[in-house]
Amino acid sequence: MKKVSIFCIFALLLIIMLSPVMVFAGGSKDTDSAGDLIRVGIVNLPPEESGYRQANVEAMNNVFSKANGYDAKQTNTGDNSEQIAAAKGYIRDGVDYLLISAANASGWDDTLKSAKDAGIKVILFDRAIDTEKSNYQAALLSDMAYEGDTAVAWVLGLEFDEINVILIRGQMGSAAEIGRSAAVLKAEKEGKLNIVADGTGGDSWSLEEARKVVEAAIAAGKDFNVIYAENDGMAQGAVQALEAAGITHGKGGKVKIIGFDFNRFALRNVQAGYWDADMQCNPRQAAEISKWIKSGNLPDGIVYQEELLLTTDTITDEDIEKWGINADPGKGVITR
């Protein structure tokens, strides 16, 4: 019994002596695990901007998570200077990848060069930046010029003797606004349509501001038969103004309505003939960019996403299920 007691005491002492080493070793393992995470800084716009942006921000948060092997932070602001400041902060933090969807296409050169000098790979998503190709590694973008060209081709195909358009732009100077507006401005210059009112929903692509643009056009006695609204929320605001004034729209109506982004509420409005068309802008870039990063095989330059135009005559339930973003109000439900 005496020998057993001495042995037990010795074993207990040995455990006490080794316990700090074991705790320390455990801490080292956690640190090494955290160090294996890929560090990503994401500069994006705020989810409040639109249904499109809400889906885009959520996708970035869901994909670039610790569970998927990332140590990621996302800054969401519509102010270009605040975005640039956030990007510089991520560069100082020494992230591995810097992902940017810019509020404004200009003003980024110095920041992008700083990232390059620091050995950080820059990937643009959703929106282009007006800069030298050497200032970023890759880009997964919506082709805003293609979106505009496709939407305007639909407008020009309408059976009107004269096409009179209310143009409602998004954030001025953004890649989305530039691309979607350019085709309309070009068509007017070529004498193919008339822009009778030209307004904006502002930096927040505001439904309320879009409604005011149409209300002002109605009050001024403008004669128009097309509303070209550069996102779904602004198209909704525009139609509210028509409803209040008793102006018919959509299938069989006086005014044709086209929006952008493929929110499911907008697609249901198109399907019901309350609106006439919607142009896709696909917010699901996160998963594809993650594949690039995980494979170590980043493309060199710009990759454009394929995007569709759907009209009252072509849209199906399958299209809405497959391509729509955000909540589905249900077939036959009109969102006013």
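A residue counts as buried under 20% relative accessible area, as exposed over 50%, and as partly exposed in between. D109, with a relative accessible area of 33%, is therefore partly exposed. The structure is a predicted model. This briefing covers a charged patch, a helix with a buried face, salt bridges, two pairs of residues and two backbone angles.

**A negative patch and helix α4**

- D109, D110, D130 and E132 form a negative patch on the surface.
- One member of that patch, D109, sits in helix α4, which spans residues 109-117.
- Which residues of α4 are buried? They are T111, L112 and A115.
- Viewed down the axis of α4, these buried residues fall within an arc of 95 degrees, so they line one face of the helix.
- An α-helix has 3.6 residues a turn, so residues three or four places apart point the same way.
- D110 and D117 are exposed, and they sit on the face of α4 turned away from its buried side.
- D110 thus appears in two places: in the negative patch and on that exposed face of α4.

**Salt bridges**

- Side chains of opposite charge can pair when their charged atoms come close.
- How many salt bridges does a search of the whole structure find? The count is 18.
- E147 pairs with R180 in one salt bridge, and their closest N and O atoms are 2.9 Å apart.
- E147 belongs to helix α5 and R180 to helix α6 (residues 175-189), so the pair ties together parts that are 33 residues apart in sequence.
- Are E147 and R180 buried or exposed? Both E147 and R180 are buried.
- R53 and E49 also meet through their side chains, with 3.4 Å from N to O.
- R53 and E49 are both buried.
- R53 and E49 belong to a network of salt bridges that also links D126 and R127.
- E190 and K192 form another salt bridge, at 3.1 Å from N to O.
- E190 has a relative accessible area of 41%, so it is partly exposed.
- K192 is at 47% relative accessibility, so it is partly exposed too.

**Apart in sequence, paired in space**

- Y146 lies in helix α5, which covers residues 144-156.
- Y146 counts as partly exposed because its relative accessibility is 40%.
- Where is E306 relative to Y146? The two are 160 residues apart in sequence, and their C-alpha atoms are 9.7 Å apart in space.
- A287 is part of helix α10, residues 286-295.
- A287 counts as partly exposed because its relative accessibility is 42%.
- A287 and F64 are 223 residues apart in sequence, yet 8.7 Å apart in space from C-alpha to C-alpha.

**Two positive phi angles**

- Most residues other than glycine have a negative phi.
- D126 is not a glycine, but its phi is positive, at about 70 degrees.
- D126 lies in strand β4, residues 121-126.
- D126 is at 1% relative accessibility, so it counts as buried.
- D126 is also one of the residues in the salt-bridge network with E49, R53 and R127.
- F262 is not a glycine either, and it has a positive phi of about 75 degrees.
- Where is F262 found? It is in the loop between β9 (256-260) and α9 (264-271).
- F262 has a relative accessible area of 0%, so it is buried.

Conventions:
Residues are numbered from 1 along each chain as its sequence is written. This is a predicted model: local features need pLDDT of at least 70, side-chain atom pairs count only at pLDDT 80 or more; totals for chains, interfaces and linings use all residues. Side-chain values use heavy atoms; hydrogens and water are left out. Patches are made of residues with over 30% relative accessible area and no salt bridge: like charges are joined within 9 Å, nonpolar side chains (Val, Leu, Ile, Met, Phe, Trp, Tyr) within 5 Å. Accessible areas come from the Shrake-Rupley method with a 1.4 Å probe; for residues, only the protein chains shown count as cover. A salt bridge is a side-chain nitrogen of Lys or Arg within 4 Å of a carboxyl oxygen of Asp or Glu. Lys and Arg count as positive and Asp and Glu as negative; His and the chain ends are not counted. The place of a charge is taken as NZ of Lys, CZ of Arg, CG of Asp or CD of Glu. Helices (H or I, at least four residues) and strands (E, at least two) are DSSP runs, numbered from the N terminus. Buried means under 20% relative accessible area, exposed over 50%, partly exposed in between (1.4 Å probe, protein chains only). The arc is that of the directions from the helix axis to the C-beta atoms.
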